[in-house]
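Got your viewer open and a free hand on the mouse? Here is a short tour, one selection at a time.

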Amino acid sequence: TASGNPQELITTLPESARFKTGKRGRWLANPDTPEGYAYYKAAVDSWMDAYPQITTLVLWVRLNDTVCVEIKENEFPAAWRREYAKFLAEHPAAAKEPRMPGLFAYSKVVRAAARALEERGSKAKTAVGSWCFKFMPSFDMLLPEGTALIYLDYNSLYGKPELTDAKVAAKTAEISARRPVIPVI
């Protein structure tokens, strides 16, 4: 979101360490550059210093108004476009998810956070969370094994819980064979 990607901080990075995204033209720090990674590492370090009891750092993603989710493939840095093309060649089904470019970008942020935790010698793990199951199969393809996936079954508030859907339950079981999956009602 805008608060999760404060433009007044990101724009202090050199242009080589950030790129403009989405219809709102927000900047995003590129975690694959030294300065962009330093931005994410500083965030992780500040969270862990403030809350040393954290055992799982959950990077939460929203369906809307999220800088990463809005990214289109043509907005990627050149190196990401090549990497993304290779990813799609290995996972053709991924091309069917319209938000896949943004989730691909977000997976880079999650990897940067995991690297920052590892570098500081933390035993904390990373996880990705969202308000629904929809992103979980995509993140399963994108993230290293062991990264937990958490989905809040938000639709249960409206009498339509995702967990009662046979396809969602089967896919949850399949994904949980490779990584921790934590559905929350």
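Before we start clicking, a word on labels: helices (H or I, at least four residues) and strands (E, at least two) are DSSP runs, numbered from the N terminus. With that in hand, go to helix α7 and pick Lys171 and Glu174, which both lie in this helix, three residues apart, or about one turn. Show their side chains and you'll find a salt bridge, 3.1 Å from N to O. Lys171 has a relative accessible area of 28%, so it counts as partly exposed, and Glu174 is partly exposed too, at 39%. Now add Asp140, Arg178 and Arg179 to the selection: together with Lys171 and Glu174 they form one network, joined by salt bridges that share partners.

**Zoom out**

Keep in mind that this is a predicted model. Colour by secondary structure and you should get seven helices and six strands. Following the chain along the sequence, the pattern reads α-β-β-α-β-α-α-α-β-α-β-α-β. The C-alpha atoms fill a box of roughly 50 × 40 × 30 Å along the principal axes. For 185 residues, a compact globule would have a radius of gyration near 16 Å, and the protein agrees with its 16 Å. Of those 185 residues, 44% are buried.

**The sheet**

Next, select β3, β4, β5 and β6. In what order do these strands form the open sheet? It runs β3-β4-β5-β6, with parallel pairing. Look at the edges: β3 (56-61) and β6 (181-184) each have a single partner strand, so one side of each is left without a neighbour in the sheet. Turn the view and you can follow the twist, which averages 20 degrees from one strand to the next.

Zoom in on β5 (residues 148-152) and β6, a parallel pair joined by four bridges. For one of the partners, click Leu152 and then Val184 in β6. As a reminder, strands of a sheet pair through backbone hydrogen bonds, either parallel or antiparallel.

**A nonpolar patch**

Switch on the surface and select Val58, Trp60, Trp131, Tyr154, Leu157 and Tyr158. These residues make a nonpolar patch with about 610 Å² of accessible area together. Two of its members deserve a click. Trp60 sits in strand β3 and is partly exposed, with a relative accessible area of 34%. Tyr154 belongs to the loop between β5 and α7 (166-176), and its 33% relative accessibility makes it partly exposed as well. While you're on Tyr154, draw a distance to Cys132: the two are 22 residues apart in sequence, yet 6.2 Å apart from C-alpha to C-alpha.

**More salt bridges**

Side chains of opposite charge can pair when their charged atoms come close. How many salt bridges are there here? The count comes to ten.

Try Asp49 and Arg120, whose side chains meet at 2.8 Å, N to O. This pair links distant parts of the chain, 71 residues apart: Asp49 is in helix α2 (residues 34-50), and Arg120 is in the loop between α5 (100-119) and β4 (125-130). Asp49 is exposed at 54% relative accessibility, whereas Arg120, at 33%, is partly exposed.

For the last stop, move to helix α5 and select Glu119 and Arg115, which lie four residues apart, about one turn of the helix. Their salt bridge has its closest N and O atoms 2.9 Å apart. Glu119 is partly exposed at 44%, and so is Arg115 at 41%.

Conventions:
Residues numbered from 1 in each chain as written. Predicted model: local features only at pLDDT ≥ 70, side-chain atom pairs only at ≥ 80, totals over all residues. Heavy atoms only, no water. Pairing = 2+ DSSP bridges. Axes fitted to C-alpha atoms, helices over the stretch in contact; angles between N-to-C directions. Patch = residues over 30% accessible without salt bridge, like charges linked within 9 Å, V, L, I, M, F, W, Y side chains within 5 Å. Areas by Shrake-Rupley, 256 points an atom, 1.4 Å probe, with all protein chains shown as cover. Salt bridge = Lys/Arg side-chain N within 4 Å of Asp/Glu carboxyl O. Buried < 20%, exposed > 50% of the residue type's maximum accessible area, 1.4 Å probe, protein only. Rg over C-alpha atoms; globule rule 2.2 N^0.38 Å.
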